[in-house]
Amino acid sequence: MHVRVQQPKLSPIAEDVVEGLTRDPKTLSPKLFYDAAGSELFERITELTEYYPTATERQILRKHAVDIVQEAAGCTAVVELGAGSGAKTVLLLDALLKSTDEPVTFYPVDVSEVALDFCSDRMRHMLPSIRVVPKVLDFTEAMPQFRQLPGRKLFLFIGSSIGNFEPLEAGLFLKKIRASMNPGDALLLGTDMRKSREVLIPAYDDREGVTAAFNKNLLVRMNRELDGDFDLDTFAHRIVWNDSLSRIEMHLESLRAQTVTLDAVGLTLEFAKGETIHTENSYKFTMPMVGAIAENGGLHIERTWSDPKRWFTVHLLRA
């Protein structure tokens, strides 16, 4: 009798980790941040005094939600990509409910099931008349299933998440969203705008060390899911403002020469002192930059809303 030995199932992050850490320079996709602990840490980041994007965008949505819903014209379904906790989305959904007699459905989409559970519970509690249909998906991939959904849809990609993409990749990502849209659908896009490094650096390197813990949680996750032996004390959270590329860069810097193994994927990594893992970019936009990525995605900007300082902008885009 032959007994088939069941091979242990690799973590879903394995492929991305191996691809990123065998590059030169080493890099990791920011989507790997969002395990349960990472999602919780990010929610703490959004509440920090230094982290202006969330509060500024919330201010815009609170002031202009009715205008945004009217401009979106007849949408009865909201699809939020990277929904997280959905804290700001409540403002839009409330305005939408008040603008229509039709049933409203909310489709939060995220890679983190924990974040989706939290978001769904929040919506059902705060807006019980809305139907909530969570979807655990990697929204950076094509999503043709959304074309089959009934009703006119408003897609949301708010926050400053579009800034995590390289400019050409951002256009390709918007093209994927466009391919999920039907005539009459719209996309609400949030973009963080260029400003002084005196404002930017503390937003990503806060005094409490929450962003540092968020960044280092990548090492914790790889240790847990890929049987790694990263020593967190030998890596430091580093932030760089790259003015020529108009982006904040987040890195994990090796404080000494060291060897790290990830036994689950058979990977041995050598780090020189000062070598980094590049974990995230956050591009800061000008209006011409926003126009370029929209055009590359086959979309046009129909209307833009901003705060008085023009630190953050929210755009309604259509095909």
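This is a short dialogue about how some features of a predicted model get their labels.

Student: Why is Glu50 called buried?
Tutor: Buried means under 20% relative accessible area. Glu50 has 16%. That value falls under the cut-off, so Glu50 counts as buried.

Student: What makes Arg207 exposed?
Tutor: Exposed means over 50%. Arg207 stands at 76% relative accessibility, so the label is exposed.

Student: How do you know that Glu50 and Arg207 form a salt bridge?
Tutor: The rule asks for a side-chain nitrogen of Lys or Arg within 4 Å of a carboxyl oxygen of Asp or Glu. Here the N to O distance is 3.2 Å. The pair therefore passes. Glu50 sits in the loop between H2 and helix H3 (52-72), and Arg207 in the loop between H7 and H8. They are 157 residues apart in sequence, so the bridge ties together distant stretches of numbering.

Student: What makes Asp138 and Lys31 a salt bridge?
Tutor: Use the 4 Å limit again. Their closest N and O atoms are 3.0 Å apart, so the pair counts. This pair links distant parts of the chain, 107 residues apart. Asp138 is in the loop between strand S4 (135-136) and strand S5 (152-157). Lys31 is in the loop between H1 and H2.

Student: Why are Asp138 and Lys31 called partly exposed?
Tutor: Partly exposed lies between the 20% and 50% cut-offs. Asp138 has 25% and Lys31 has 27%. Both values fall in between, so both residues get that label.

Student: Which strands does the salt bridge of Arg238 and Glu253 link?
Tutor: Arg238 is in strand S7 and Glu253 in strand S8, 15 residues apart. Their N to O distance is 2.6 Å. That is within 4 Å, so the bridge counts. Arg238 is partly exposed, at 35%.

Student: How many salt bridges are there by this rule?
Tutor: The count comes to 20. Some share partners: Asp35, Arg221, Arg224 and Glu225 are joined into one network.

Student: What makes the phi of Asp227 worth a remark?
Tutor: Most residues other than glycine have a negative phi. Asp227 is not a glycine, yet its phi is positive, about 55°. Asp227 lies in the loop between H8 and S7. At 46% relative accessibility, it is partly exposed. Asp227 also belongs to a patch of negative charge on the surface, with Asp229, Asp231, Asp233 and Asp263.

Student: Is Ser246, with its positive phi, buried or exposed?
Tutor: Buried. Its relative accessible area is 5%, and the limit is under 20%, so the label fits. Phi of Ser246 is near 60°. Ser246 is in the loop between S7 and S8.

Student: Why is the peptide bond from Asp24 to Pro25 called cis?
Tutor: Look at omega, which is near 5° for this bond. Most peptide bonds are trans. Pro25 is in the loop between H1 and H2.

Student: Which residues touch the most other members of the largest nonpolar core?
Tutor: Val17, Leu21, Leu28, Met222, Phe230, Leu262 and Ile277 do, out of 35 residues. Several elements supply at least two core residues each, including helix H1 (14-21), helix H2 (36-46) and strand S9 (258-262). H8 gives the largest share, 5 residues.

Student: Why would nonpolar side chains gather like that?
Tutor: In soluble globular proteins, they tend to be buried together.

Notes: Residues numbered from 1 in each chain as written. Predicted model: local features only at pLDDT ≥ 70, side-chain atom pairs only at ≥ 80, totals over all residues. Heavy atoms only, no water. Patch = residues over 30% accessible without salt bridge, like charges linked within 9 Å, V, L, I, M, F, W, Y side chains within 5 Å. Areas by Shrake-Rupley, 256 points an atom, 1.4 Å probe, with all protein chains shown as cover. Lys, Arg positive; Asp, Glu negative; His and termini not counted. Charge placed at Lys NZ, Arg CZ, Asp CG, Glu CD. Core = buried A, V, L, I, M, F, W, Y, C linked by side-chain atoms within 4.5 Å. Buried < 20%, exposed > 50% of the residue type's maximum accessible area, 1.4 Å probe, protein only. Helix = DSSP H or I, 4+ residues; strand = E, 2+ residues; numbered from the N terminus.
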